[in-house]
Amino acid sequence: MIPVLEPSIGKEEIENVLEAVKSGWVSSKGEFIEKFEKEFADYHGVKEAVSTSNGTTALHLALESLGIKKGDEVIVPVLTFAATANAVIYCNAKPVFVDVHPEYWCIDPRKIEDKITENTRAIIPVHLYGHPCNMDWIMDIAEDHELYVIEDVAEAHGAKYKNKKVGTFGDISCFSFYGNKIITTGEGGMCITNNEELASEMRILRDHGMRPDKKYWHDKIGFNYRMTNLQAALGVAQLKKLDKFINKKRKIAKIYKKNLYVFQEKKKVELHPEMSWAKCVYWTYSILLKNKPRDDLIKYLYHRGVDTRPFFYPLNIMPPHKKEEKHPNAYKISKEGINLPSSVNINEETIVHICNLIEEFIK
């Protein structure tokens, strides 16, 4: 079976993890944690990086450090993985859903201001499937209404908006290093920020709320959201390869586009977008299927040895977030969208084979 995504683990990762194991520092202390945080901050040109146990805890930690609480509202795109909205609910706050842009699938800035109330405290733009959000517009709205911006960069490591890396616009930005992400630590996450006070607060909260200057003294209730030294050892080696992985992702996208473009011209598919102001990193190369049921293509490919994924469901149609709202762009994109195999290890011959199968199906 050709997987949708699989990690690329090499000799450097294995050597780092073995070194961490042999050091005896296998939990949440050890030299690889500080090294990974420093090098991740340097890669993005920000002052601080705070590692976490996973991407969801990164989002929760960011919201808690900003004081998001019961009665507050946080704007999130309706088309995203559930963790984005769940983290808001963990704070006893209310996620407020906004439809996505029809051309590039991320939160539509034109629809944000209609959802802002006196209780709104923050916006979480999600750089969906590797494509950046329109950050200038979002930051202008946030400034006008004095709102925090928390970027969800789980799927877009190294992507750029107007030649500036995503994750460097918001008050805090959150990354995931789950096994299928562009770089991985198995599980793991990171918050980055230029605000040293927020970084200090996040470090206290991730460590059970314990004061760093007074061992086992807790001024507040915190969480066990720490990354382990073993995970960080993997991350240090993966980070060195991030730009190479991004280049490979963009080459994969180019091959898919070359082989499927003719079907876009015939309006049978819509290819993964890349706006003129964006450098997309194509976490998963994705298409929208026109005029035929998307799920039939998923089954067709599966029975021929190709694994794929449907797009996320709009959050407001699922039981925990059920709301009678209309988000036509998200409904359409979710219904038609399919993520194709996009691992950095995939070769051109395999991509062409997948495109040929798609051609057989849609003809």
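Begin by selecting Tyr161 in this predicted model: with a relative accessibility of 2%, Tyr161 counts as buried, since the cut-off for that class is under 20%. Keep Tyr161 displayed and add Trp277, which is likewise buried, its relative accessible area being 18%. The two rings form an edge-to-face aromatic pair, at 5.3 Å centre to centre and with 65° between the planes. Because Tyr161 belongs to strand β6 (residues 160-161) while Trp277 sits in the loop between β10 and β11, this pair ties together parts that are 116 residues apart in sequence.

Next, add Tyr104, which is buried, as is Trp277. Here the ring centres of Tyr104 and Trp277 are 5.1 Å apart and the planes stand at 90°, so this pair too is edge-to-face. Tyr104 lies in the loop between β3 (94-98) and β4 (120-123), and Trp277 in the loop between β10 (269-271) and β11 (278-279), so the contact joins parts 173 residues apart in sequence.

The structure holds 16 aromatic pairs; to see a cluster linked by ring pairs, select Phe81, Trp105, Tyr129, Trp283, Phe311 and Phe312.

Finally, turn to helix α1 (residues 11-23) and helix α7 (residues 229-239), whose axes come within 8 Å and cross at roughly 150°. The two helices are therefore roughly antiparallel to each other, and α1 passes α7 in a right-handed crossing. To inspect the contact, show side chains including Val17, Ala20 and Val21 of α1 together with Leu230, Ala233 and Leu234 among those of α7. Taken as a whole, the residues of this contact divide into eight nonpolar, four polar and two charged.

Note on methods. Residues are numbered from 1 along each chain as its sequence is written. This is a predicted model: local features need pLDDT of at least 70, side-chain atom pairs count only at pLDDT 80 or more; totals for chains, interfaces and linings use all residues. Side-chain values use heavy atoms; hydrogens and water are left out. Axes are lines fitted to C-alpha atoms, for helices over the stretch in contact, and angles run from 0 to 180 degrees between N-to-C directions. Helices (H or I, at least four residues) and strands (E, at least two) are DSSP runs, numbered from the N terminus. Angles under 35 degrees count as roughly parallel, over 145 as roughly antiparallel, 65 to 115 as roughly perpendicular and the rest as oblique. A crossing is left-handed if the near helix is turned anticlockwise from the far one by less than a right angle, and right-handed if clockwise. Contact means heavy atoms within 4.5 Å. Ala, Val, Leu, Ile, Met, Phe, Trp, Tyr, Cys and Pro count as nonpolar, Asp, Glu, Lys and Arg as charged, and the others, Gly among them, as polar. Rings of Phe, Tyr and Trp (its six-membered ring) pair if their centres lie within 6.5 Å; planes under 30 degrees apart count as stacked, over 60 as edge-to-face and the rest as tilted. Buried means under 20% relative accessible area, exposed over 50%, partly exposed in between (1.4 Å probe, protein chains only).
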